[in-house]
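Here are some notes to read beside the structure. Keep the view open and follow each point in turn.

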Amino acid sequence: MRTHARLLVPVVVAAVVLSGCSDPRSTIDAGHVIDTYAQANIPVSGIRDDSASLCANPAPCVQVVRTDQLTVWRFATREDAVTYATDADDAHVSDFIVLEFASSGLTPAQRRDAASMVDSMHTSD
């Protein structure tokens, strides 16, 4: 009986670990990020979903929502987000999300608030 228990434990542990491999932050909706900013009185005007034109192959993005003040990019992987942000002029990376700030429209405090808010966002399985 003990032999079966020893064999079963690694299988159960592996199943639990593998079931948790999907990161719920990978599904944060860029539109939800913009809505959250609007509710917090961070200016977001001229909202438009440009995913169809900006995430066409071979771009690795999944979703793009633009405003006059900033653009919210969602990428398939954290690595893609970091790679994109490296080439951006003024960007903040938060896992799969990149905030790309326009040259004007938000104060430094509003930019910090926007970055802090997206950093604290999560979704549940």
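1. Start with strand 3 (residues 70-75) and strand 5 (residues 97-101). In this predicted model, the two strands pair in the antiparallel sense, over five bridges. Look at valine 72 as an example: its bridge partner in strand 5 is leucine 99.

2. Helix 2 (residues 30-39) packs on the sheet. The helix touches strand 2 (61-66), strand 3 and strand 5. Its direction makes about 30 degrees with that of strand 2.

3. Now take the whole sheet. It is open, has five strands, and runs in the order 1-2-3-5-4 with antiparallel pairing. Strand 1 (48-49) and strand 4 (91-94) stand at the edges. Each has a single partner strand, so one side of each is left without a neighbour in the sheet.

4. Next, the aromatic rings. The count comes to three aromatic pairs. One of them joins tryptophan 73 and tyrosine 84, with 4.5 Å centre to centre and 40 degrees between the planes. That geometry is tilted, because the angle is neither under 30 nor over 60 degrees. The pair links distant parts of the chain: tryptophan 73 sits in strand 3, tyrosine 84 in helix 4 (residues 78-87), 11 residues apart.

5. Phenylalanine 75 also pairs with tyrosine 84. This pair is tilted too, at 5.5 Å centre to centre and 35 degrees between the planes. Trp73, Phe75 and Tyr84 form one aromatic cluster.

6. Which members of the cluster are buried? Tryptophan 73 is buried, at 8% relative accessible area. Phenylalanine 75 is buried as well, at 2%. Tyrosine 84 has 25% relative accessibility, so it counts as partly exposed; the cut-off for buried is under 20%.

Methods
Residues are numbered from 1 along each chain as its sequence is written. This is a predicted model: local features need pLDDT of at least 70, side-chain atom pairs count only at pLDDT 80 or more; totals for chains, interfaces and linings use all residues. Side-chain values use heavy atoms; hydrogens and water are left out. Two strands pair if DSSP finds at least two bridges between them. Helices (H or I, at least four residues) and strands (E, at least two) are DSSP runs, numbered from the N terminus. Contact means heavy atoms within 4.5 Å. Axes are lines fitted to C-alpha atoms, for helices over the stretch in contact, and angles run from 0 to 180 degrees between N-to-C directions. Rings of Phe, Tyr and Trp (its six-membered ring) pair if their centres lie within 6.5 Å; planes under 30 degrees apart count as stacked, over 60 as edge-to-face and the rest as tilted. Buried means under 20% relative accessible area, exposed over 50%, partly exposed in between (1.4 Å probe, protein chains only).
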